[in-house]
Amino acid sequence: MCTRFVYNGNDTVVGFNFDIDLSVWTHTVITEKDRFFIGIKMPDNKYHSFHGVNRNGNVGTLLYVNGNEKGRYSADARCVAISDLTEQYVKGELSFDDACRIVKNQEIVYAKDATMQAMLSDRKGRVLIIEPGIGHRFEQKRYSLITNYSILNPEITRPYIVSGDDRFERAKEQLEKQNENFSVTDAFKILESVRQEGIGKGIVKKLKGSVGNGLQKSV
């Protein structure tokens, strides 16, 4: 169960807890010239960059979510799978403005074999939240936050919230207390407090300079 946020203070800091079942998913951390990402091995035997950061400041992450019928996968050329959109963004093939234009003009659907929602952000602290079948939201404010439940229509996923899972509320409470000096260290404290024990991996990126500058990970 993942948690992702963007905080706009003196620096733009992006935090992401990558919580997965290690017995189900094969993954590795991959560093390339222009991007740093968590590679997820898919049926094509390739590691895909659904969670990562590009040198240009693009950060993209997919979070699993209980699906809805309106967001179901379609091979129609007018539809765009959220996994493809996110990976193209992380690769640097799409700009933030490109992504905004796509979600406004095309239907965003789930991947062929998984139901997911996405948060895309850039070095300016702009955020795009995308929920297939529900919609999207652009924002640029002090902080943005998303977990494995719908942000745009909370009632649709409320029945699936695991008893005792208050990650969103706890992270929100901590983010609201922060000031302009919010740091990578502060971000890690929040990620640690909401991680799923035993399988949590956190990535924090302070958006300055090239890939790897200010990028840290914790287990």
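The following conversation concerns the sheet, helices, pockets and cavities of a predicted model.

Reader: How are the strands of the open sheet ordered?
Author: In this predicted model, seven strands form an open sheet, and their order is β3-β4-β5-β6-β9-β10-β11. The pairing is antiparallel.

Reader: Which strands are at the edges?
Author: The edge strands are β3, residues 27-31, and β11, residues 135-139. Each of them pairs on one side only.

Reader: And what is the average twist?
Author: From one strand to the next, the twist averages 25°.

Reader: What holds strands of a sheet together in pairs?
Author: Strands of a sheet pair through backbone hydrogen bonds, in either a parallel or an antiparallel manner.

Reader: How many bridges join β5 to β6?
Author: Two bridges join β5, residues 47-54, to β6, residues 59-64. These two strands run antiparallel. Val 53 has Val 59, in β6, as its bridge partner.

Reader: Turning to the helices, which strands does α1 lie across?
Author: Helix α1, residues 82-91, lies across β4, β5, β6, β9 and β10. Its direction is at about 50° to β5.

Reader: What about α2, which strands does that helix lie across?
Author: Helix α2, residues 96-105, lies across β9, β10 and β11. This helix runs at about 30° to β10.

Reader: Now the pockets. How much space lies in the largest pocket?
Author: The largest pocket holds about 560 Å³ of space. Its lining consists of 29 residues. Those nearest its centre are Met 42, Phe 50, Tyr 64, Asp 113 and Met 116.

Reader: Which element gives the largest share of that lining?
Author: Helix α1 does, with four residues. At least two residues of the lining come from each of β5, β6 and α1.

Reader: How do the lining residues divide by class?
Author: The lining of the largest pocket has 17 nonpolar, four polar and eight charged residues.

Reader: What lines the second largest pocket?
Author: That pocket, with about 220 Å³ of space, is lined by 13 residues. Tyr 149, Ser 150, Ile 161, Phe 168 and Glu 169 lie nearest its centre. By class, the lining has five nonpolar, three polar and five charged residues.

Reader: Finally, how many cavities of 30 Å³ or more are there?
Author: The structure holds two such cavities. The second largest has a volume of about 50 Å³.

Reader: Which residues line that second largest cavity?
Author: Among them are Val 65, Asn 66, Tyr 110, Glu 131 and Ser 150. The lining comprises five nonpolar residues, five polar residues and one charged residue.

Note on methods:
Residues are numbered from 1 along each chain as its sequence is written. This is a predicted model: local features need pLDDT of at least 70, side-chain atom pairs count only at pLDDT 80 or more; totals for chains, interfaces and linings use all residues. Side-chain values use heavy atoms; hydrogens and water are left out. Two strands pair if DSSP finds at least two bridges between them. Axes are lines fitted to C-alpha atoms, for helices over the stretch in contact, and angles run from 0 to 180 degrees between N-to-C directions. Contact means heavy atoms within 4.5 Å. On a 1 Å grid over the protein atoms alone, a cavity is a set of points where a 1.4 Å probe fits but cannot get out, and a pocket is an open set with protein on both sides within 12 Å along at least five of seven lines; lining residues have an atom within 4 Å of a point. Grid points are joined across faces, edges and corners, and a volume is the space filled by probe spheres set on the points. Ala, Val, Leu, Ile, Met, Phe, Trp, Tyr, Cys and Pro count as nonpolar, Asp, Glu, Lys and Arg as charged, and the others, Gly among them, as polar.
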